[in-house]
Amino acid sequence: MEKLFTPYKLGDITLSNRVVMAPMTRSRADKGDTADELTARYYQQRASAGLIVSEGSQISVQGQGYAFTPGIYNEAQVRGWALTTKAVHDKNGKIFIQLWHVGRVSHTSLQNKGEAPVSSVAVRAENATCFGINDEGKYGPVAVSMPRALSKEEIRGVVQDYVTAAKNAIRAGFDGVEIHAANGYLAEQFINGGLNTREDEYGGAEIANRLRFVLEVTDAVAEAIGAGKTGIRLAPFGRLFDMHEFEGEAETWLTLAAELSTRSLAFVHLSDQQSLGAQAIPQGFTDSFRKAYSGTLIIAGSFEKDRAEAWLQADRADLIAFGRPFISNPDLVERMANNWPLTEPDRATFYGGNEKGYTDYPFYDEKA
Ligand SMILES: Cc1cc2nc3c(=O)[nH]c(=O)nc-3n(C[C@H](O)[C@H](O)[C@H](O)COP(=O)(O)O)c2cc1C
């Protein structure tokens, strides 16, 4: 049998296969930004994945950059997500929640009292849009707002928001959390040396300073819920949301890999942005990262069955994450295992709306 369909022990839990459903924002949260019965149905349909990583879920109002994404910072949201975790566990699936703070990729219309979004530094992301309330008072794509730099005291508050969200996630029944430190959002706004020119111990030329925020978040979350329930997602050489090349870029990511190695985390999950329209992780770099990081490694980005199997056989990763194929194939694992054809996803229904393009993709019918 292919390695892709063999079980994998991930900390305290055993995954029934090595297929991970990648985190995907679908922007269908109920009022109050709560996951609801429809969310539960969507994830339950996909529960044959070895592991599901949920869509990004904001850890605070401040951490939100898109309307209609679910949060995990209040009691109604905990109750809402509990529907999903039960639905997935009823089908013997496993699910982590992705904890999200967008930092500067936000708009004043989404923030408390219309305040400015926050980041490592007060630099606006050029040519970047998020999803808020536009000049006509309607929901829609809007240019991100000018952020302000977090003070050191506020950084402690944000770390605390991650801790509260992680504890909430465990109360909601999640098997663990994935800290979203990828794709140009807050953690990456601290890591990126081109952007983060802070003059205190949270930024500047020193790699250790630019890694301080993400490691403080990781350590605080691991301390609160257990390292074995704590995963993290990174996008080495990430270029989304106005992130640029910077000096010592490979060294920065490899230093982070070595730091994370000492922490017995559930996993590190690498996001290759090529299929998201940005550049690929440079040739060979994921292998350097794998050498530098001793724990479970997940890779995402443009995988299909054969390439996934080849990566596992070559021991280049432990688990393979699939994004878009899971949108349109709830039974992706069975389809790949049986070499059944895949349904193509409809981009028009990726974000927002209702059941259409969400819970109405059919399971494969062999007889049909
Ligand atoms: C509709 C959509 C929403 C996404 N939302 C998220 C998200 O919330 N968090 C995240 O880390 N990545 C997000 N991604 C990126 C995916 O997790 C994945 O890395 C990417 O789609 C590449 O995998 P694929 O080529 O298999 O689709 C999203 C991708 C898509 C297509």
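The following exercises, with worked solutions, concern the fold of one protein chain and one of its strands.

The model is predicted: local features need pLDDT of at least 70, side-chain atom pairs count only at pLDDT 80 or more, and totals for chains, interfaces and linings use all residues. Residues are numbered from 1 along each chain as its sequence is written, and side-chain values use heavy atoms, with hydrogens and water left out.

**Exercise 1.** Determine how many helices and strands the protein chain has, and why it counts as compact.

*Solution.* Step one: helices (H or I, at least four residues) and strands (E, at least two) are DSSP runs, numbered from the N terminus. The protein chain has 10 helices and 14 strands. Step two: its radius of gyration, taken over C-alpha atoms, is 19 Å, close to the 21 Å that the globule rule gives for 368 residues, so the chain is as compact as a globular protein of that length. That rule is 2.2 Å times the number of residues to the power 0.38.

**Exercise 2.** Establish whether strand 12 is mostly covered or not, and which strand pairs with it.

*Solution.* Step one: buried means under 20% relative accessible area (1.4 Å probe, protein chains only). In strand 12, residues 267-271, five of five residues are buried. Step two: in a regular strand the side chains alternate between the two faces of the sheet. On one side of strand 12 lie F267, H269 and S271, on the other V268 and L270, all buried. Step three: two strands pair if DSSP finds at least two bridges between them. Strand 11 (residues 230-234) pairs with strand 12 in the parallel sense over four bridges, and G231 stands opposite F267.

Methods:
Buried < 20%, exposed > 50% of the residue type's maximum accessible area, 1.4 Å probe, protein only.
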